[in-house]
Amino acid sequence: MALELVTIPCLSDNYAYLAHDAATGATAVVDVPEAAPILNALRERGWRASHILITHHHSDHIDGVATLAAATGARVIGASADAHRLPPLDESVDPGDTIRIGMSRGEVIDVSGHTVGHIAFHFPDSKLVFTADSLMALGCGRLFEGSPAQMWESLSRLAALPPETLICSGHEYTAANARFALTIEPGNTNLISRSRAVADAREKGQPTVPSTLSDELATNPFLRANLPEVKAALGMEAADDAVVFAEIRSRKDRF
Ligand code: ZN
Ligand code: FE
């Protein structure tokens with residue numbers, strides 16, 4: 001049975017997620033920007049948090065972990081590479097490891113770039129991947145620690161997942177990302193219509209996440225750095241994919 005997904009807005013523009021296994025009652029919380037909205041979401045549904053999955057060390061993803069863990073007794077899981085700068089872990093994992101939420105099996109994927117040690121959690125049977133600040137809706141995280149080549153490799157790993165996979169990312173940045181994406185590919189008709197849908201959703205106060213990988217592949221410029229039409233639009237026909245990615249990322253930093 002697929003995990004039931006709940007998207008929880010936190011702080012000003014963060015997202016946390018619940019992934020609930022109805023068969024066993026196990027419930028994973030992915031990232032904890034703050035505890036209160038997550039405790040409310042659990043209480044409303046009568047669910048108990050059994051696991052806390054941490055994607056990376058930034059405070060807007062971990063500040064509520066201690067409070068939530070104390071309130072629920074949930075098992076805290078994060079990257080062993082980052083154990084020294086994460087809240088105390090009950091279980092440390094490495095890329096390639098498997099975790100279990102009730103009956104669901106999750107795979108740990110290295111998505112270093114935004115930070116080194118950033119991991120994503122992929123649940124193939126539920127077609128969910130929790131990407132936080134690596135692959136985001138119409139964007140990707142800023143490169144605070146990793147190199148462009150490292151982030152391009154991380155994004156390529158995510159791009160290879162089944163296209164129907166839901167990308168559960170960490171922030172509501174999509175409207176600004178759409179404005180930037182249109183500067184790279186002003187003629188991309190899928191991007192134009194997605195930008196309209198994003199503006200619409202935001203006007204109604206609705207989240208623009210999760211998104212499908214297939215939509216990201218069609219519209220997210222950071223996933224499209226390998227395409228001849230994107231290289232041509234940048235006048236970089238002969239450049240390597242990672243170099244084109246680096247150019248798009250640096251334009252976004254200045255946007
Ligand atoms: Zn971050
Ligand atoms: Fe963040």
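Here is a short tour of this predicted model, from its metal site to its nonpolar core. Residues are numbered from 1 along each chain as its sequence is written, and chains are lettered from A, with ligands numbered from 1 in the order written. Local features need pLDDT of at least 70, and side-chain atom pairs count only at pLDDT 80 or more.

**Stop one: the metals.** Select the iron ion (ligand 2). Its protein donors (N, O and S atoms within 2.8 Å of the metal, or 3.2 Å for Na, K and Ca, with water not among the atoms) are D60 (OD), H61 (NE2), D133 (OD) and H171 (NE2), lying 2.1 to 2.5 Å away. Now add the zinc ion (ligand 1): the two metals are 3.1 Å apart, and D133 coordinates both. D60 sits in helix α2 and D133 in the loop between β10 and β11, so the pair ties together parts 73 residues apart in sequence. Helices (H or I, at least four residues) and strands (E, at least two) are DSSP runs, numbered from the N terminus. D133 is at 4% relative accessibility, so it counts as buried (under 20% relative accessible area, 1.4 Å probe, protein chains only).

**Stop two: the core.** Pick L155, L158, F245 and I248. In the largest nonpolar core (buried Ala, Val, Leu, Ile, Met, Phe, Trp, Tyr and Cys residues joined through side-chain atoms within 4.5 Å), which has 25 residues, these four touch the most other members. Helix α4 gives the most to this core, with 4 residues. Zoom in on F245: beyond neighbours within four places in sequence, its contacts (heavy atoms within 4.5 Å) include W152, L155 and F222.

Note on methods
Heavy atoms only, no water. Buried < 20%, exposed > 50% of the residue type's maximum accessible area, 1.4 Å probe, protein only.
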